[in-house]
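Please walk through the fold below, beginning with its contacts and ending with its aromatic rings.

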Amino acid sequence: MTKVLDHLEEWLITFLMGAATVIIFVAVLHRYLSGFAIPGLQDWLLGLNFGWAQELCIIMFVWMAKFGAAYGVRTGIHVGVDVLINRLGDRNRGALILFGLLAGALFTGIVAVLGATFVWENGAHYAIFRAFGIATGDLPEGPTTPDLEWPTWIVYSAIPLGSGLMCFRFLQVAWSFAHTGELPHHDHGHVDGLEADDEPHPPKAGEDDRIYRMEDDLHPRETHDAPIHRHDGDGQGSDKS
């Protein structure tokens with residue numbers, strides 16, 4: 001169960017992206033081949049209705065975005081401005097990071113609750129009552145989508161489900177940070193399939209390592225204690241400080 005939960009977002013996003021790609025490909029191929037006046041084949045293709053493909057792909061991309069946001073929290077790929085936080089001491093920095101994580105959990109939790117309320121009132125309660133044989137009374141059935149004619153509460157369920165999972169990921173990261181002091185970190189320079197031995201390494205001792213020096217622990221800078229070797233437009237090298 002833990003393994004499934006740890007990779008839930010990847011599996012959902014992979015399935016949705018793969019399915020959307022196949023649907024778009026088939027719809028485009030159908031539209032293209034329908035233009036050829038081939039007896040029998042053209043009539044059969046024109047009898048197929050792919051008008052729902054665009055709407056379904058839009059819905060799938062919305063679901064991808066919601067679960068992708070939860071994936072970003074778990075893996076630490078969301079963009080954040082941390083220049084000020086990095087200048088604080090360890091204690092204040094940790095407290096501020098923990099506050100930010102809990103604030104994110106609170107915000108996404110509120111969105112999940114409000115989204116669930118909206119979905120419930122948008123027709124989910126009617127569908128659930130009807131599924132269990134409970135009298136629906138005057139409950140509204142809820143609207144449907146234009147092309148697929150699906151109940152819209154199914155589409156809007158991405159909000160409470162995605163935001164709820166995002167809230168859980170915020171709490172998960174906050175719990176881990178409170179106990180280990182570490183945050184999930186995503187290496188943007190890493191390329192899948194590239195072996196560790198093939199990745200570039202910082203210069204060894206004696207080599208030009210100026211670009212790797214961190215004078216303020218925040219920004220890489222070149223030092224001026226040694227000349228910088230550059231090439232001019234004519235291919236000749238020149239030393240500049």
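Of the contacts between residues at least 6 apart in sequence, 59% join residues at least 24 apart. The model is a predicted one. Its secondary structure consists of eight helices and two strands, and along the sequence these follow the pattern α-α-α-α-α-α-α-α-β-β. The protein has 241 residues, of which 25% count as buried. Its accessible surface comes to about 17,000 Å², and carbon and sulfur atoms account for 63% of that area.

The interior can be approached through the largest nonpolar core, which has 29 residues. Ile23, Met60, Trp63, Leu101, Met166 and Phe170 are the residues with the most contacts inside this core. Four elements give two or more residues to the core: helix H2 (8-33), helix H4 (53-75), helix H6 (90-131) and helix H8 (158-180). H4 provides the largest share, eleven residues.

Helix H2 shows how one of these elements is built. H2 has 26 residues, and the distance from its first C-alpha to its last is 38 Å, close to the 38 Å expected at 1.5 Å a residue. The buried residues of H2 are Glu9, Ile13, Leu16, Ala20, Ile23, Ala27 and His30. Ile23 also appears among the core residues with the most contacts. Leaving aside residues up to four places away in sequence, Ile23 touches Trp52, Ala53, Leu56, Cys57 and Met60.

The aromatic rings give another view of the structure. How many aromatic pairs does a search of the whole structure find? The search finds five. One of the pairs is formed by Tyr32 and Phe36, with 5.3 Å centre to centre and 75 degrees between the planes, an edge-to-face arrangement. Is Tyr32 buried or exposed? Tyr32 counts as exposed because its relative accessibility is 56%, and the cut-off for exposed is over 50%. Phe36 has a relative accessible area of 37%, so this residue is partly exposed.

Phe118 and Tyr156 form an aromatic pair as well, again described by 5.3 Å centre to centre, but with 55 degrees between the planes, which is tilted. This pair links distant parts of the chain: Phe118 lies in helix H6 and Tyr156 in helix H7 (residues 152-156), 38 residues apart. Phe118 counts as partly exposed because its relative accessibility is 42%. Tyr156, with a relative accessible area of 33%, is therefore partly exposed.

Note on methods:
Residues are numbered from 1 along each chain as its sequence is written. This is a predicted model: local features need pLDDT of at least 70, side-chain atom pairs count only at pLDDT 80 or more; totals for chains, interfaces and linings use all residues. Side-chain values use heavy atoms; hydrogens and water are left out. A nonpolar core is a set of buried Ala, Val, Leu, Ile, Met, Phe, Trp, Tyr and Cys residues joined through side-chain atoms within 4.5 Å. Buried means under 20% relative accessible area, exposed over 50%, partly exposed in between (1.4 Å probe, protein chains only). Contact means heavy atoms within 4.5 Å. The expected span of a helix is 1.5 Å times one less than its number of residues. Rings of Phe, Tyr and Trp (its six-membered ring) pair if their centres lie within 6.5 Å; planes under 30 degrees apart count as stacked, over 60 as edge-to-face and the rest as tilted. Accessible areas come from the Shrake-Rupley method with a 1.4 Å probe; for residues, only the protein chains shown count as cover.
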